[in-house]
Amino acid sequence: MCGIVGYIGTRAATEILLAGLEKLEYRGYDSAGVATVSEGNLDCVRAKGKLCNLQEKLESLNNPARLGIGHTRWATHGKPEEYNAHPHTDTNRRLAVVQNGIIENYRDLRSKLKAKGHEFRSETDTEVIPHLIADYLSVSGNSFLDAVRQAVNDLKGAFAIAAICADYPDELIVARQQAPLVIGFGQGEFFCASDTPALVQYTKAILPLENGELARITPLGVEVYNFAGDKLRKAPRTLNWNPVMVEKQGFRHFMLKEIYEQPGVVRACLEAYLSSGWQSEAGTSPINLGLPSELFSEVQQIQIVACGTSWHAALVGKYLLEQLAGIPTNVHYASEFRYAPPPLTPNTLTIGISQSGETADTLAALTMEQQRRADKEPRWQARLLGITNRPESSLAQLVPHIIDTHGGIEIGVAATKSFVAQLMAFYCLTLDFAAHRQSLSTTEIEKMLGGLQQLPAQMELILESQERYIEELAHSYVDTTDFIFVGRGISFPIALEGALKLKEISYIHAEGYPSGELKHGPIALLDAKVPVVSIAIPGKVYEKALSNAQEAKARDSELIGVTQLNDEEAAEIFDKILPVPPVDELLSPILTVIPLQLLAYHIAARRGLDVDQPRNLAKSVTVE
């Protein structure tokens, strides 16, 4: 989850490293540091806390180095103190390493290295790496590349590393194993980073390393090897992003900008997914996801693995796939699926969802599912599909088929537009299945398509008409300590997502429940100090949702309703209303989530909190 950057070229490295770390600070902000090599010396500067603390330390230094590495940390092993900050160095301070990941066997390696006289200065697992490389470098005949390659073969766990050495002033060595690392190709200069936002202002030519690969980067070029030492032939690819995509563009926070980008995301998804020449004939699909027909044939069951907000999107997907396509669907936390997988069943499609495409638990769950099915007979073969916002990610390399959600770069740690993009992927996947299986008539499919195409304008109406009201409403809840969110049917996952958003960025305790479960225990929490947010959209469970809301009101809780505009019945029940335009209940999640995102955002902003970088969280969870 940490962010690493590296540079070698003709410009001053420190400035480029800091700019890259600014783009990666969403991956961790417990501490930061840079190390550079110049004139035979290794210089390392680190600081506790956010990147600005490191920038203050570097302001007074004139460093002409053209080679360097940088790091922004999300703490796993060791407290977020300066002595645990990266880069870490060897005993003689001639070699420095930054790492993203976890070294599982670091205790054993640390004991062996200490016995050889190596002196450790931190509590981290990462520090064993520079000592290990230095140990191999002391062996006669070993080059820097040889030493790094031998060292990474001793490491167990998930890691991406970048290493520099004062004795090799023209070399940057990087390696990857189960953690993302991308190399950028410039004009006479090269870059590396944990994620592409750090690179787009300098280059669009990138080369993502794959697991078990390392690279030697010099001013003359890039050489890629596997961990066995075999040289590989690799070609860079071109990104379709630009630097403007990662700027705030006048918004106070990235999160608010990304909330406002959601109508555009839905339009991009519709443009990408809808077939332009579809004829309304039974058995033909209006959706073009680029998926082969054999992926759909004879599917009897779907299982989805995901984490966090992606798990909530999967719950909406489950509802759609079961109710519209008629396919039994189970949703699993990826971290739990790994250690308690369900029994194998034939003709099962496994879907992994990850905004970044780098979520460690999701990747591990898919890898395990692929392997355990490969060990069975051919009829148990794995049908794997990924849903991701990053088509260049590890997820896309792992599974044979992906749905690119077209969300664009999302910087705010709390997912907003990526959630809506995932929902759109599920709506279109469901319609594709329904068309193939003829579980919906062409008339029903046309109605759904018409509703989807109206969503962007409806989303813009909510943003234009509701944000200022929600901003004022947020003042009332600055000191609130508990919230309850409830919803029924397809609205239940949105209640969960609303609660998660509030927890993530405002640090207010919030829980989401199915509305009907409120009286089976959680109602004991309710009183005048606990507001209840109820999602109640006209549909098959509307009257039940209103009835459950009244149960909360009878316990003196303030009732906030996310419901249809100009709904007179709802107006009589709720104390405050966050209205959305009239919409089919099945399509409502894409609208009802927006007021909840805005409510969480404005409460957090009013509390003076760091909305884009909430404490203890990171954007891409690349460790277990």
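Trainee: How many aromatic pairs does the structure hold?

Mentor: This predicted model holds ten aromatic pairs.

Trainee: What makes the pair of Phe191 and Tyr202 stacked?

Mentor: The ring centres of Phe191 and Tyr202 are 5.1 Å apart and the planes meet at 15°. Rings pair if their centres lie within 6.5 Å, and planes under 30 degrees apart count as stacked. Both values satisfy the cut-offs, so the pair is stacked.

Trainee: Which parts of the chain does that pair tie together?

Mentor: Phe191 belongs to strand β10 (residues 190–193), and Tyr202 to the loop between β10 and β11 (205–208), so the pair joins parts that are eleven residues apart in sequence. Tyr7, Phe191 and Tyr202 also form one aromatic cluster.

Trainee: Why is Phe191 called buried, and what is Tyr202 called?

Mentor: Buried means under 20% relative accessible area, and partly exposed runs from there up to 50%. Phe191 has 2% relative accessibility, so Phe191 counts as buried. Tyr202 has 21%, so Tyr202 counts as partly exposed.

Trainee: How do you know that Trp311 and Tyr333 are stacked?

Mentor: By the same test: their ring centres lie 4.1 Å apart and their planes are at 10°, so this pair is stacked. Trp311 sits in helix α8 (residues 308–323) and Tyr333 in strand β17 (residues 329–333), so the pair links distant parts of the chain, 22 residues apart.

Trainee: Is Trp311 buried or exposed?

Mentor: Trp311 has a relative accessibility of 13%, which is under 20%, so Trp311 counts as buried. Its partner Tyr333 has 41% and is therefore partly exposed.

Trainee: What makes Arg615 lie over the face of Tyr507?

Mentor: Arg615 is placed at 3.9 Å from the ring centre of Tyr507. The distance cut-off is 6 Å, with CZ of Arg also within 35 degrees of the ring normal. Arg615 is listed as lying over the face of Tyr507.

Trainee: Why is Lys501 called buried?

Mentor: Lys501, in helix α14 (residues 492–506), has a relative accessible area of 1%, which is under 20%, so Lys501 is buried.

Trainee: What does the side chain of Lys501 reach?

Mentor: The side chain of Lys501 reaches the backbone oxygen of Ala415 at 3.3 Å. A polar contact needs N or O atoms within 3.5 Å, so this distance meets the cut-off. Leaving aside residues up to four places away in sequence, Lys501 touches Met255, Thr309, Ala414, Ala415 and Ala600.

Trainee: What makes Thr345 partly exposed?

Mentor: Thr345 has 24% relative accessibility, between 20% and 50%, so Thr345 counts as partly exposed. Thr345 is in the loop between α9 (334–337) and β18 (348–354). Not counting residues up to four places away in sequence, Thr345 touches Gln301, Arg373 and Trp380.

Trainee: What stands out about the phi of Gln178?

Mentor: Most residues other than glycine have a negative phi. Phi of Gln178 is near 65°, a positive value. Gln178 lies in the loop between β8 (168–177) and β9 (182–185). Gln438 also has a positive phi, about 55°, and is placed in the loop between α12 (417–437) and α13 (442–474).

Trainee: How do you know that the peptide bond joining His86 and Pro87 is cis?

Mentor: Omega is about 0° for the bond joining His86 and Pro87, a cis peptide bond. Most peptide bonds are trans. Pro87 lies in the loop between β4 (67–73) and β5 (88–89).

How values were computed
Residues numbered from 1 in each chain as written. Predicted model: local features only at pLDDT ≥ 70, side-chain atom pairs only at ≥ 80, totals over all residues. Heavy atoms only, no water. Phe/Tyr/Trp six-rings, centres within 6.5 Å; stacked < 30°, edge-to-face > 60°. Helix = DSSP H or I, 4+ residues; strand = E, 2+ residues; numbered from the N terminus. Buried < 20%, exposed > 50% of the residue type's maximum accessible area, 1.4 Å probe, protein only. Polar contact = N/O pair within 3.5 Å; in protein donor to acceptor, adjacent residues only side chain to side chain. Contact = heavy atoms within 4.5 Å.
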